[in-house]
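Work through the exercises below with the sequence and the model open beside you. Try each task before reading its solution.

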Amino acid sequence: MTDSIPAQIEALLHMTVGELQAKYLDVFGEETRGRHKQYLFKKIAWRIQELAFGGLSERAKRRAAELVDDTRVRIRPPKSLPLEDPGKKIVKLKSGSRDRRLPLPGTVITRGYGDETHRVKVLEHGFEYQDKPYRSLSAVARAITGSHWNGFL
């Protein structure tokens, strides 16, 4: 049986997702809901080798359990991510707050368009261009070019 393991794994490479699901049922004894071909291939290949050579040793299983017990597992990402300010001050953003692509309020964005250089000041809630407030960079770009543009461009 050991000699046929490489051939069995090679055969998995040429199977369709449906055939892999059937093979999964065969080697694990239960159906899978997964339809990702690479995932199914890896799981089945591992199981074929496990059945032939044996799985993890009891010592390895105990050590894995110890590691899991000692680790705090994060299930969800943090709601806010810290950003570094040039003055070494940490600014925390809450979900639904400013777009992180924008510089900090007070920054002046300078861009050339046509023969002119345009300066836009970033405000806490919006932008200022030629002493007029704007809600978005796209609105500023529209004022400069006369047509709709993505403000980040």
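The exercises go from the whole chain to one sheet, then to two helices. The model is predicted.

**Exercise 1. The overall layout**

Task: State how many helices and strands the protein has, and give their order from the N terminus.

Solution.
Step 1. Count the elements: the protein has five helices and six strands.
Step 2. Read along the chain from the N terminus: the order is α-α-α-α-β-β-β-β-β-β-α.
Step 3. Add the burial: of the 153 residues, 22% are buried.
Step 4. Add the surface: about 12500 Å² is exposed, and carbon and sulfur atoms supply 52% of that area.

**Exercise 2. An open sheet**

Task: Give the strand order of the four-stranded sheet and find which strands stand at its edges.

Solution.
Step 1. The order in this open sheet is β3-β4-β5-β6, and the pairing is antiparallel.
Step 2. The edges are β3 (108-113) and β6 (132-134). Each has a single partner strand, so one side of each has no neighbour in the sheet.
Step 3. Neighbouring strands here are turned against each other by 30 degrees on average, if direction is ignored.
Step 4. Recall the general rule: strands of a sheet pair through backbone hydrogen bonds, either parallel or antiparallel.

**Exercise 3. Following β5 on both sides**

Task: Describe how β5 is joined to β4 and to β6.

Solution.
Step 1. Take β4 (residues 116-123) and β5 (residues 126-129): four bridges join these antiparallel strands. The hairpin between β4 and β5 passes through two residues.
Step 2. Name partners across this pair: leucine 123 is bridged to glycine 126 in β5, and valine 120 stands opposite tyrosine 129 in β5.
Step 3. Turn to the other side: β5 and β6 also run antiparallel, with three bridges between them. Glutamate 128 has proline 133 in β6 as its bridge partner.
Step 4. Look at the turn: the hairpin of β5 and β6 has two residues between the strands, and glutamine 130 there takes a positive phi near 50 degrees.

**Exercise 4. A pair of rings**

Task: Classify the ring pair of tyrosine 129 and tyrosine 134, and decide whether each residue is buried or exposed.

Solution.
Step 1. The whole structure holds two aromatic pairs.
Step 2. In the pair of tyrosine 129 and tyrosine 134, the ring centres are 6.4 Å apart and the planes stand at 55 degrees, so the pair is tilted.
Step 3. For burial, use the cut-off of under 20% relative accessible area. Tyrosine 129 is buried at 6%, and tyrosine 134 counts as buried at 19%.

**Exercise 5. Helix α5 on the sheet**

Task: Find what the buried residues of α5 pack against.

Solution.
Step 1. Helix α5 (residues 137-145) lies across β3, β4, β5 and β6, at about 25 degrees to β5.
Step 2. Its buried residues are Leu137, Ser138, Ala139, Val140 and Ala141.
Step 3. These buried residues pack against β3, β4, β5 and β6.
Step 4. After α5 comes glycine 146, with a positive phi near 85 degrees.

**Exercise 6. Checking the length of α3**

Task: Compare the expected span of α3 with the distance between its end C-alpha atoms.

Solution.
Step 1. Helix α3 (residues 37-53) has 17 residues, which at 1.5 Å a residue should span 24 Å.
Step 2. The end C-alpha atoms are 24 Å apart, which agrees.
Step 3. The buried residues of α3 include Leu40, Phe41, Ile44 and Ile48. Their cover includes α1 (5-13) and α2 (17-28).
Step 4. After α3 comes glycine 54, with a positive phi near 95 degrees.

Terms used
Residues numbered from 1 in each chain as written. Predicted model: local features only at pLDDT ≥ 70, side-chain atom pairs only at ≥ 80, totals over all residues. Heavy atoms only, no water. Pairing = 2+ DSSP bridges. Axes fitted to C-alpha atoms, helices over the stretch in contact; angles between N-to-C directions. Contact = heavy atoms within 4.5 Å. Phe/Tyr/Trp six-rings, centres within 6.5 Å; stacked < 30°, edge-to-face > 60°. Buried < 20%, exposed > 50% of the residue type's maximum accessible area, 1.4 Å probe, protein only. Areas by Shrake-Rupley, 256 points an atom, 1.4 Å probe, with all protein chains shown as cover. Expected span 1.5 Å × (residues − 1).
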